[in-house]
Amino acid sequence: MDSERPTIPAKPLLRALGGEAVWPPPAWLMRQAGRYLPEYRELRAQAGDFISLCTTPPLAAEVTLQPIRRYGMEAAILFSDILMIPWALGQPLRFAEGEGPLLEPLRTPESIAALDPSVVVARAAPVFETVARVREGLATEAPRTTLIGFAGGCFTVACYMLEGKGSKEFPVARSLAYQDPALFGRLIRTLQDATVEYLVAQVEAGAEALMIFDSWAGMLSPGQFRRWVIEPTAAITRALRKRCPGVPLIGFPRLAGPLLTDYAARAGVDATAIDTSMDPRWAAQAVPATMALQGNLDPLALVAGGAALEAEARSILGAMRGRPYIFNLGHGIVPQTPPEHVTQLMRILRSA
Ligand code: CP3
């Protein structure tokens, strides 16, 4: 009888990342923990500033679990930020209300040369403690839910480090990449090394899958995209495959357009996330059916709710049915999203 003991089926998100066409698809939402949730706003007010929230493990773990308790998504994403690596590298960072992130921009070759990737893991210790706490929480509260760790893509993080703030065009970073590719490449390599150590530490703490958010990848020319997005990502995925074999990776080259094909083929990721502007039918053709796709509901359809939300969600599901796929948004949830629209969305997905 003992030999007939059923094996525990892998979590749905991990099965999809392994290339299985799981249906209904596993689902989670970028920025699923955040200001649209009243319980988040309450905790955020207790913590004071955003960085304190990210570096106080009991609070960050609680915030990570909040949407899982409400909606039961198949993945929890670590509550942190892509700018924790610049912060851990010692670059002054704050999040100003209504302004987004503000960093003291890197303006000299010396300030780039002085960055030391070997300090990141020690300084980011609270992040790994959060990962461990979330993993423990999921084991008891949501055993089918996968914990995703993450980092920013090197190019996107370099954009913020050089510009010092959000921008429509990130001209400082994109100009430096042409004018002094050796210096820009030095920053990218520092971030590459820091990112590998930072992601390995998340896996050692309990992250079961990883995602790389390259939010500004789509601003680059094709040549620059290959050099500053695909190549560094491929170097990171090669290192991670050696050091954390079997841990799947999701890449998000936002606004890549037709360069998505190159990215999917050469960045070394297990799954490619697509943004709102991408036609899911095109992506389903362009990316081999052995590789999972993730995305790409318009966050504003989620704000609208009702029939508009249902039509958009069903159209994406129709394009993805029969292939490995993870439902998600095409960009993060916006703060004005009514929480009950997420309930409606989860109901649509579960009856897919
Ligand atoms: O729920 C989750 O998705 C997990 C946590 C997460 C945050 N940021 C929390 C956050 C993740 C995965 C990120 C990624 C991130 N951060 C990206 C890549 C994805 C994307 O949106 O393109 C980028 C570019 C950033 C940088 C960043 N952080 C910006 C531009 C801002 C300001 C805009 C905003 O929404 O306020 C942040 C702040 C931030 N990161 C908040 C949260 C919940 C808001 C902080 C607050 O509560 O005031």
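Me: What makes asparagine 296 part of a strand, and where is this residue found?

Reply: In this predicted model, asparagine 296 is found in strand 8, a run that covers residues 292-297. Position 296 falls inside that run, so the residue is assigned to the strand. The peptide bond that joins glycine 295 to asparagine 296 is cis, with omega at about -20°.

Me: Which other peptide bond is cis, and what is its omega?

Reply: Tryptophan 23 and proline 24 are also joined by a cis peptide bond, for which omega is about -5°. Proline 24 has its place in the loop between helix 1 and helix 2.

Me: Is threonine 276 called buried, exposed or partly exposed, and why?

Reply: Threonine 276 has 17 other C-beta atoms within 10 Å. The buried class begins at 20 and the exposed class ends at 12, so with 17 the residue is partly exposed. Threonine 276 sits in the loop between strand 7 (271-273) and helix 14 (280-286).

Me: What makes a residue a contact of threonine 276, and which residues does threonine 276 touch?

Reply: A contact requires C-beta atoms within 7 Å. Leaving out residues up to four places away in sequence, threonine 276 touches Asn296, Asp298, Gly330 and His331. As for a residue elsewhere in the chain, the C-alpha atoms of threonine 276 and phenylalanine 128 are separated by 31 Å, and these two are 148 residues apart along the chain.

Me: Why is histidine 331 assigned to its burial class?

Reply: Histidine 331 has 22 other C-beta atoms within 10 Å. Because the threshold is 20 or more, this residue is buried. Histidine 331 is found in the loop between strand 9 (325-329) and helix 17 (339-350). Setting aside residues up to four places away in sequence, histidine 331 touches Met30, Asp275, Thr276 and Pro299.

Me: Which residues does the UniProt annotation "binding site" cover, and how do you know whether they all gather at one spot?

Reply: According to the unreviewed UniProt entry, this annotation covers Arg31, Gln32, Ala33, Gly34, Arg35, Asp81, Tyr160, Ser215 and His331. They span 301 residues in sequence, and the farthest two C-alpha atoms are 22.7 Å apart, so they do not all gather at one spot.

Me: Which residues are closest to the ligand, and how many surround it?

Reply: The ligand is surrounded by 22 residues, and the closest are Arg31, Ala33, Gly100, Phe213 and Ser215. By residue type, this shell divides into 11 nonpolar, seven polar and four charged residues.

Me: Why is glutamine 32 called buried or exposed?

Reply: Glutamine 32 has 26 C-beta neighbours inside 10 Å. The count meets the limit of 20 or more, and therefore glutamine 32 is buried. Glutamine 32 lies in the loop between helix 1 (12-17) and helix 2 (38-47). Not counting residues up to four places away in sequence, glutamine 32 touches Pro67, Met73, Ile77 and Ile333.

Me: What is notable about phi of arginine 31, and why does this residue fall in its exposure class?

Reply: Phi of arginine 31 is near 60°, a positive value in a residue other than glycine. Arginine 31 has 18 other C-beta atoms within 10 Å; that lies between the limits of 12 and 20, so the residue is partly exposed. Arginine 31 is found in the loop between helix 1 and helix 2.

Me: What is phi of leucine 255, and why is this residue called buried or exposed?

Reply: Leucine 255, although not a glycine, has a positive phi of about 65°. With 20 other C-beta atoms within 10 Å, leucine 255 meets the limit of 20 or more and so is buried. Leucine 255 lies in the loop between strand 6 (249-253) and helix 13 (260-266).

Me: Which residues of the largest nonpolar core touch the most other members?

Reply: The largest nonpolar core has 116 residues, of which Ala76, Ile85, Ile148, Phe150, Ala158, Ala209 and Leu210 touch the most other members. Helix 11 (residues 181-205) gives the most to this core, with 10 residues. Phenylalanine 150, leaving aside neighbours within four places in sequence, is in contact with Ile77, Leu78, Leu210, Met211, Ile212 and Phe213.

Me: How do you know whether the radius of gyration of the protein chain agrees with that of a compact globule?

Reply: For 352 residues, a compact globule would have a radius of gyration near 20 Å; the protein chain has 19 Å, so the two agree. Of the 352 residues, 47% count as buried.

Conventions
Residues are numbered from 1 along each chain as its sequence is written. This is a predicted model: local features need pLDDT of at least 70, side-chain atom pairs count only at pLDDT 80 or more; totals for chains, interfaces and linings use all residues. UniProt positions are given in the numbering used here, feature names are shortened, and annotations may be inferred rather than shown by experiment. Helices (H or I, at least four residues) and strands (E, at least two) are DSSP runs, numbered from the N terminus. Two residues are in contact if their C-beta atoms, placed from the backbone, lie within 7 Å. A residue is near a molecule or strand if its C-beta atom, placed from the backbone, lies within 6 Å of it. Ala, Val, Leu, Ile, Met, Phe, Trp, Tyr, Cys and Pro count as nonpolar, Asp, Glu, Lys and Arg as charged, and the others, Gly among them, as polar. The radius of gyration is taken over C-alpha atoms; the globule rule is 2.2 Å times the number of residues to the power 0.38. A nonpolar core is a set of buried Ala, Val, Leu, Ile, Met, Phe, Trp, Tyr and Cys residues joined through C-beta atoms within 7 Å.
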